[in-house]
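Visitor: I am new to this structure and would like a close look at one part of it, the aromatic side chains that pair with one another. Please set that part in its surroundings as well.

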Amino acid sequence: DFELLIEDLENNSTESREGTLMLRGESFKLSLDDQVIYCDNERIWTFLPDVCEVQIDNFAHEDGDFISPSTLFDIPEEDYFAILGEGKVQEGRKIQVVELTPLDKELSFHKIKLNVDLGSRRIHSAEILDKNGIHFTYGIDDFKGPANLSAEDLGFKASECGEDLITIDVSR
């Protein structure tokens, strides 16, 4: 369970969203407010339950700008310059900040800040600082793992809307 805070520095606006993420290897199911995103590491389904619509697309593995939920927890060290940032106390927890700067300067983001809870040795939050002035902060509210999730647990089920389902396949 997590909270996503989106800060647009240019327009001085803030948006907050809540969600749940389930991971199994490279596959994931991301429930975020009014949409559910399913990915099997080859295709991605974005489902809007309130209008019974699903958009299907190919999952772009090579897109370095997209940090998928599975890669957020497994960032390749050789792709980043890492420094140990400040230590702080946040919500009563001792937090160590790890700042990651991508070596590839063509990416849309210029820094990732991982806030690690020293007590549990887990990521407490992650900030992705985009070059266009938008900051994404993922605060992890509850972390359970490992679970015995099956491919079926993480897969889109067309039966959720029955005959009313609108399918848009842009993967071709």
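Guide: What follows goes from the whole chain to the aromatic rings, and then to the charged pairs and two other places.

The model is a predicted one, in which local features need pLDDT of at least 70 and side-chain atom pairs count only at pLDDT 80 or more, while totals for chains, interfaces and linings use all residues. Residues are numbered from 1 along each chain as its sequence is written, and side-chain values use heavy atoms, with hydrogens and water left out.

The protein chain has two helices and 12 strands, where helices (H or I, at least four residues) and strands (E, at least two) are DSSP runs numbered from the N terminus. Along the sequence their order is β-β-β-β-β-β-α-β-β-β-β-β-α-β. Of its 172 residues, 37% count as buried, a word that stands for under 20% relative accessible area, with exposed meaning over 50% and partly exposed in between (1.4 Å probe, protein chains only). Among contacts in the protein chain with a separation of 6 or more, 37% are between residues 24 or more positions apart, contact meaning heavy atoms within 4.5 Å.

Now to the rings themselves. The count comes to three aromatic pairs, by a rule under which rings of Phe, Tyr and Trp (its six-membered ring) pair if their centres lie within 6.5 Å, planes under 30 degrees apart counting as stacked, over 60 as edge-to-face and the rest as tilted. One of these pairs is formed by Tyr38 and Phe156, which meet edge-to-face at 5.6 Å centre to centre, with 65 degrees between the planes. This pair links distant parts of the chain, since Tyr38 is in strand E4 (residues 35–39) and Phe156 is in the loop between helix H2 (151–154) and strand E12 (166–169), 118 residues apart. Tyr38 and Phe156 are both buried. The rings of Phe47 and Phe156 have centres 5.1 Å apart and planes at 55 degrees, so that pair is tilted. Because Phe47 lies in strand E5 (residues 43–48) while Phe156 is in the loop between H2 and E12, the tilted pair ties together parts that are 109 residues apart in sequence. Phe47 is buried, like Phe156, and Tyr38, Phe47 and Phe156 form one aromatic cluster.

Charged side chains make links of another kind. Side chains of opposite charge can pair when their charged atoms come close. The whole structure holds six salt bridges, a salt bridge being a side-chain nitrogen of Lys or Arg within 4 Å of a carboxyl oxygen of Asp or Glu. In one of them, Arg17 pairs with Asp33, their closest N and O atoms being 3.1 Å apart. Arg17 lies in strand E2 (residues 13–24) and Asp33 in the loop between strand E3 (27–32) and E4, so this pair ties together parts that are 16 residues apart in sequence. Arg17 is buried, with a relative accessible area of 15%, whereas Asp33, at 52% relative accessibility, counts as exposed. Arg17 and Asp33 also belong to a network of salt bridges that links them with Glu15 and Asp34.

Another salt bridge joins Asp117 to Arg93, with 3.6 Å between the closest N and O atoms. Here Asp117 is in strand E9 (residues 109–117) and Arg93 in strand E8 (residues 93–102), 24 residues apart. Asp117 counts as buried at 10% relative accessibility, and Arg93 is partly exposed, with a relative accessible area of 30%. Lys111 and Glu99 meet through their side chains in a further salt bridge (3.5 Å, N to O). Lys111 lies in strand E9 and Glu99 in strand E8, so this pair ties together parts that are 12 residues apart in sequence, and both Lys111 and Glu99 are buried.

Two other places complete the view. Ser125, in strand E10 (residues 122–130), counts as buried at 6% relative accessibility. Leaving aside residues up to four places away in sequence, Ser125 touches Lys113, Leu114, Asn115, Tyr138 and Gly139. Ile83, in strand E7 (residues 80–90), is partly exposed, with a relative accessible area of 37%.
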